[in-house]
Amino acid sequence: MISRSIINRVGAVSKSTPVVRSLSRSSTILQEIRQQAMPTSESKPMYKPPVTIDRELPDPFVKRNENRRYFVFYSVALVVTCAVIFNYEKSSSPIINSTLYFLRRSTIAQDALGKNIEFASSWPWIWGKLNTVQGVIDVKFKVKGDDQKAWVLLSATRESKMHPFQVHKFALEVDTKDAKVEYNLMDDPEFEFDL
C-alpha cells in the first residue's frame, strides 16, 4: 500500500506551479512504492510436506481368479446391455412402426390373426438387420392378434438416400397345427405399403 507521505509528496509536486521533476526524485518515489509493495523477508514461505503413502499398494495379481470372474461378468453384462439398447432402437424405428400400422389395417393380416394386432410380447425382439443409412432392411419379428401369433418377414433395399425402398418380401408367417402358412402382404388390395 502507498503511504500518505508518498501521496502527499506526489500531490505537492503535481500542485506546485512550474516545478520540473527531477529524475532522481521520481526514482526515489518509485523505489519507496516498490519496497512497500514487496513482502518483507520476515514472512516465510509456507511449508508443504511431501505426499507420502503410509501403506503398500495392493497387488492386483493376488486375487487373480476373482478378478477374472468379475471381468467375465462385466463383459457379459456389457454385451447384454448393448444388445438390449440396439434392439430397443430397432423396435422404436419408423420402419417397424409403419409395418405395424399397415398390419393393423390389412385385411389379410386381420383374417389370419384377428383384430388388435400388436407385438407378441411387451419386450419385442427384432431379428435381422435394420440399417436405413446403408439401405438394407431384412427383419423378422413376432406379432399377435386376438386369434393367433405369427412372424412378420420384411426385406427391402434401396440404391441411395434419394431413392425409395424397394420391398422384396413382406409376408406373414403363421404356424398352424399342420404346417407353416405364409401370407404375402404385398397382395393386399386395400393398402399400399411404402417405406
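**Entry 1: Overall layout**

I count as a helix a DSSP run of H or I with at least four residues, and as a strand a run of E with at least two, each numbered from the N terminus. I am working with a predicted model. I looked up the elements first and found 5 helices and 6 strands in the protein. Along the sequence, I read the pattern α-α-α-α-α-β-β-β-β-β-β.

I then checked the totals. Of the 195 residues in the protein, 24% are buried. I noted an exposed area of about 15400 Å², of which carbon and sulfur atoms supply 58%. Taking contacts between residues at least 6 apart in sequence, I found that 48% join residues at least 24 apart.

**Entry 2: Helix 3**

I looked up V80 and placed this residue in helix 3. Is V80 buried, partly exposed or exposed? I recorded V80 as partly exposed, since its relative accessible area is 47% and the partly exposed class lies between 20% and 50%.

I next consulted the UniProt record, an unreviewed entry, which lists residues 70-88 as "transmembrane region". In the model, I found that residues 70-88 are 100% helix and 0% strand. The C-alpha atoms at the two ends of this stretch are 27 Å apart.

I also looked for a nonpolar patch on the surface, and found one formed by F71, V72, V76, V80, V84, W123, W125 and W127. Together these residues have about 900 Å² of accessible area. Which element gives the most to the nonpolar patch? I noted helix 3, with 5 residues.

**Entry 3: K90**

I found K90 in helix 3, which spans residues 64-91. K90 is partly exposed, at a relative accessible area of 22%. Leaving out residues up to four places away in sequence, I listed I96, I126, G128 and L130 as the residues that K90 touches. I also looked up the separation between K90 and W127, which are 37 residues apart along the chain; their C-alpha atoms are separated by 9.2 Å.

**Entry 4: The hairpin of strands 2 and 3**

I traced strand 2 (residues 127-131) and strand 3 (residues 136-144), which run antiparallel and are joined by 5 bridges. Within this pairing, I saw that K129 stands opposite D138. The two strands form a hairpin with 4 residues between them. In the turn, I noted G135, with a positive phi of about 80°.

I looked up N116 as well, which has a positive phi of about 55° although it is not a glycine. N116 lies in the loop between helix 5 (107-113) and strand 1 (118-119). N116 is exposed, with a relative accessible area of 58%.

**Entry 5: Salt bridges**

How many salt bridges does the structure hold? I found 3.

- I recorded E118 and K144, whose side chains meet at 4.0 Å, N to O. This pair links distant parts of the chain, with E118 in strand 1 and K144 in strand 3, 26 residues apart. E118 is partly exposed at 38% relative accessibility, and K144 is partly exposed at 27%.
- I recorded E182 and K169, with their closest N and O atoms 3.8 Å apart. E182 is in strand 6 (residues 180-184) and K169 in strand 5 (residues 166-175), 13 residues apart. I noted E182 as partly exposed at 45% and K169 as partly exposed at 35%.
- I recorded K180 and E173, with their closest N and O atoms 3.9 Å apart. K180 counts as exposed at 59% relative accessibility, whereas E173 counts as buried at 12%.

Notes: Residues are numbered from 1 along each chain as its sequence is written. This is a predicted model: local features need pLDDT of at least 70, side-chain atom pairs count only at pLDDT 80 or more; totals for chains, interfaces and linings use all residues. Side-chain values use heavy atoms; hydrogens and water are left out. Two strands pair if DSSP finds at least two bridges between them. UniProt positions are given in the numbering used here, feature names are shortened, and annotations may be inferred rather than shown by experiment. Buried means under 20% relative accessible area, exposed over 50%, partly exposed in between (1.4 Å probe, protein chains only). Contact means heavy atoms within 4.5 Å. Accessible areas come from the Shrake-Rupley method with a 1.4 Å probe; for residues, only the protein chains shown count as cover. Patches are made of residues with over 30% relative accessible area and no salt bridge: like charges are joined within 9 Å, nonpolar side chains (Val, Leu, Ile, Met, Phe, Trp, Tyr) within 5 Å.
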